[in-house]
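Good morning, and thank you for coming. Please have the sequence and the structure ready, as I shall refer to both.

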There are 2 protein chains.
Amino acid sequence: MSISPGSTTDRGLEGVVALESRICDIDGSVGHLVYAGYEIDDLARNSTFEDVVYLLWHGELPSRDARQDLSGQLRRTRTVPPSIVDLIDSAPSTASPMAVLRTAVSALGHEDAEVDDPSPEANRRKAIRLAARMPTIVAAISRAQAGKSPLAPHPDLSMAANFLYMLDGRVPGPKAERIFDACLILHAEHGLNASTFAGRVIAATMADMYGAITGAIAALKGPLHGGANLKVKEMLDEIRASGQDVEAYVMGKLARKERIMGFGHRVYKTIDPRATFLREMLSELSAEQGDMSWLDMSSTLMTVMGREKNLHPNVDFFSASVYALLGISGGLFTPIFAMSRVAGWSAHLLEQWDGNRLIRPRAAYVGPANRKISG
Amino acid sequence: MSISPGSTTDRGLEGVVALESRICDIDGSVGHLVYAGYEIDDLARNSTFEDVVYLLWHGELPSRDARQDLSGQLRRTRTVPPSIVDLIDSAPSTASPMAVLRTAVSALGHEDAEVDDPSPEANRRKAIRLAARMPTIVAAISRAQAGKSPLAPHPDLSMAANFLYMLDGRVPGPKAERIFDACLILHAEHGLNASTFAGRVIAATMADMYGAITGAIAALKGPLHGGANLKVKEMLDEIRASGQDVEAYVMGKLARKERIMGFGHRVYKTIDPRATFLREMLSELSAEQGDMSWLDMSSTLMTVMGREKNLHPNVDFFSASVYALLGISGGLFTPIFAMSRVAGWSAHLLEQWDGNRLIRPRAAYVGPANRKISG
């Protein structure tokens with residue numbers, strides 16, 4: 001098989017248009033991220049994660065009735081079956097939280113009587129159950145790895161507040177809830193990234209939604225995809241532990257040609273709009289908690305990287321500090337990304353199944369030919 | 001974002017070259033399927049599944065020493081951890097075997113100390129463990145769903161014979177072993193199909209091998225991908241149960257414009273070379289077992305479909321009858337496909353990681369623009 005001119009071989013399909021979508025528009029050259037027509041900044045300031053979930057699934061923000069309806073359904077379905085709690089409790093403590101999340105979501109499919117019903121109505125109900133239960137699973141994994149039994153979801157709280165509550169049993173204050181809710185909004189969707197694409201490739205075989213989300217979680221686990229804010233956190237921890245001056249640390253790293261985590265983005269050539277918003281949140285949270293250390297460290301890093309490398313911070317850079325101030329451990333950063341992104345993943349699956357077509361590119365064969373075992 | 005001319009939007013990336021590969025060449029116009037330079041017919045006649053596993057991973061057939069070495073490693077690592085047996089035993093009997101296989105393979109990653117070691121050596125060792133253990137998992141699922149406890153793998157048998165042994169505790173005769181071994185060879189690899197592509201998309205994030213294989217299993221579960229031979233079996237069972245003449249059944253179906261399963265292929269425009277070989281095997285097995293009913297039924301179907309629709313049988317068409325004669329239940333057909341295809345999947349993952357690049361096409365945004373929540 002010869003490779004035709006203009007083929008995309010070995011370019012990772014970069015720039016190739018795989019499908020049309022009504023979910024998310026990204027213009028990296030001007031720093032725009034838009035969910036179904038709404039700028040991310042507008043959504044983060046003026047809506048809730050539940051509203052954004054509705055927007056991604058339906059293409060419209062909810063009416064007051066629709067908001068109440070979805071919110072009620074999400075609250076009522078948060079509890080996971082006991083078999084899933086057992087699975088999480090019996091996972092080895094050495095297992096990565098993302099691997100346990102992947103297994104638990106796959107197993108959740110065993111218990112869903114509608115799992116193999118491909119109707120749009122059944123798929124919307126499954127999307128609600130998945131979005132409602134993934135935070136419960138993530139919180140249970142967090143507690144299991146600390147040797148603690150899981151906490152039952154709180155029926156009166158928003159998704160953001162309930163998740164923070166399930167981590168340590170304390171209902172968060174309004175500022176923490178608001179900021180964590182915004183973090184969920186910021187991570188809910190980002191076009192045809194690797195995990196979303198993996199989910200759509202799986203879904204296009206008419207596989208079930210649990211399988212497609214399981215595959216998306218598997219992809220998000222990859223260090224080139226979901227793990228970046230954890231790496232930022234590790235870097236910030238390293239700076240704190242070293243007691244070094246931040247500027248000296250960065251200059252040393254740059255001199256040794258080592259990478260500074262949380263700067264630059266494959267898509268955004270200017271500032272990532274999510275980073276701008278998160279920096280503001282970090283500033284508010286720092287003031288409220290009377291701990292300016294994360295903000296100061298981040299600001300210095302940002303200044304030095306802008307001056308030395310002309311690189312802007314990305315969403316991962318500030319979310320690491322925000323999560324640290326919210327008391328969330330680094331091991332949960334990627335699982336939290338997943339429980340937010342499941343909103344976007346499921347929106348893409350619903351879109352894929354609405355006029356489905358198998359996704360199957362070609363490989364150009366470049367190996368040996370005409371071999372024979374015996375002649 | 002406008003859609004550029006010649007874009008592949010809504011065509012499922014059909015015909016787009018996503019990458020170069022040295023693993024498999026398919027020329028559907030002449031009915032060629034070639035693994036690393038060897039025709040599938042040559043491999044099915046003159047090699048074993050273990051040899052093909054080696055070929056797919058290394059690009060060469062094994063030397064005598066290498067064959068012994070790989071075969072020994074595969075035999076020694078067949079046993080799965082007790083936690084996986086528990087997981088299979090506790091899965092609801094209503095869960096699909098493919099869903100349980102997906103969960104079990106994901107959970108297998110929790111127990112592998114090398115899971116997050118991305119070195120080629122560690123990945124080769126993981127590929128061996130996965131190929132060795134998936135048959136054990138599939139057999140355990142089969143027995144659990146029949147209310148039976150699993151059988152320990154037999155250390156002296158080939159992969160094909162051991163799998164048949166683990167189903168019912170009887171060591172198969174040489175003819176059954178040989179034919180099932182050939183079935184594993186025929187299903188081991190098929191280029192950049194949907195499950196393999198899903199696995200590579202996941203792997204390209206540098207996710208772990210268990211995650212990538214889990215995603216591939218999720219895709220294979222889809223009715224548009226892995227479930228076709230089960231549908232053939234259901235059709236054959238329906239014909240038998242109806243007591244109808246085969247030709248009358250087909251003509252009736254065609255008159256009602258209903259689909260006959262197991263004919264035609266997206267890739268092969270002439271006869272699928274795997275079908276030719278399997279028909280010969282079906283004929284041998286039928287003679288040995290003194291049961292010509294499956295062969296007769298299949299031959300009539302083939303004749304009528306050729307005459308009426310000019311359509312050729314595909315690999316799924318004859319494998320359904322072969323598996324039926326081997327006493328394998330329909331629910332295991334797709335899991336068996338997976339435990340064979342893991343050879344090809346893992347070969348593609350090793351290839352992906354050798355010079356990895358993120359696989360990330362674009363979506364063309366076609367939704368609303370410039371919406372504002374307030375203001």
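Ten is the number to begin with: in this predicted model, 10 salt bridges are found across the interface of chain A and chain B. One of them joins the side chains of A:E60 and B:R371, with 2.8 Å from N to O. Polar contacts add to this picture, with 46 residue pairs counted between chain A and chain B.

Which elements of chain A give two or more residues to the side that touches chain B? Among them are the strands β1 (17-21), β2 (24-27), β4 (38-39) and β5 (362-365), together with helices such as α5 (97-108) and α10 (209-220). By type, the residues on that side of chain A divide into 46 nonpolar, 27 polar and 20 charged.

Let us turn to the extent of the interface. Chain A contributes 93 residues to the contact, and chain B contributes 93 residues. Between them, the two chains bury about 8000 Å², of which 57% is on carbon and sulfur atoms. Within chain A, the most area is lost to chain B by A:H110, A:R360 and A:R371, which together make up 11% of what that side buries.

Strand pairing also crosses from chain to chain. Strand β5 of chain A runs parallel to strand β1 of chain B, residues 17-21, and 4 bridges join them. Within this pairing, A:A363 has B:L19 as its bridge partner.

I would now ask you to find B:E351, in helix α16 of chain B, residues 333-353. Is B:E351 buried or exposed? Its relative accessibility is 18%, and the limit for buried is under 20%, so B:E351 counts as buried. Residues distant in sequence surround this position: B:E351 touches B:E20, B:S21, B:R22, B:I23 and B:R200. B:E351 and B:R22, for example, are 329 residues apart in sequence, yet their C-alpha atoms are 8.3 Å apart in space. The side chain of B:E351 also makes a polar contact, at 2.8 Å, with the side chain of B:S21.

Finally, let us follow three strands in chain A. Strands β2 and β3 of chain A pair in the antiparallel sense over 4 bridges, and A:D25 has A:V34 as its bridge partner. Their hairpin has 4 residues between the strands, and A:G31 takes a positive phi near 75 degrees there. Strand β3 of chain A is also joined to β4 of chain A, antiparallel, by 2 bridges. In that pairing, A:V34 is partnered with A:E39. The hairpin of β3 and β4 in chain A has 2 residues between the strands, and A:A36 takes a positive phi near 45 degrees.

Definitions and conventions:
Residues are numbered from 1 along each chain as its sequence is written. Chains are lettered from A and ligands numbered from 1 in the order in which they are written. This is a predicted model: local features need pLDDT of at least 70, side-chain atom pairs count only at pLDDT 80 or more; totals for chains, interfaces and linings use all residues. Side-chain values use heavy atoms; hydrogens and water are left out. Contact means heavy atoms within 4.5 Å. Buried area is the accessible area (1.4 Å probe) that two parts lose on being put together, summed over both. A salt bridge is a side-chain nitrogen of Lys or Arg within 4 Å of a carboxyl oxygen of Asp or Glu. A polar contact is a pair of N or O atoms within 3.5 Å; within protein, one must be able to donate a hydrogen and the other to accept it, and residues adjacent in sequence count only if both atoms are side-chain atoms. Ala, Val, Leu, Ile, Met, Phe, Trp, Tyr, Cys and Pro count as nonpolar, Asp, Glu, Lys and Arg as charged, and the others, Gly among them, as polar. Two strands pair if DSSP finds at least two bridges between them. Buried means under 20% relative accessible area, exposed over 50%, partly exposed in between (1.4 Å probe, protein chains only). Lists of a residue's contacts leave out its neighbours within four places in sequence.
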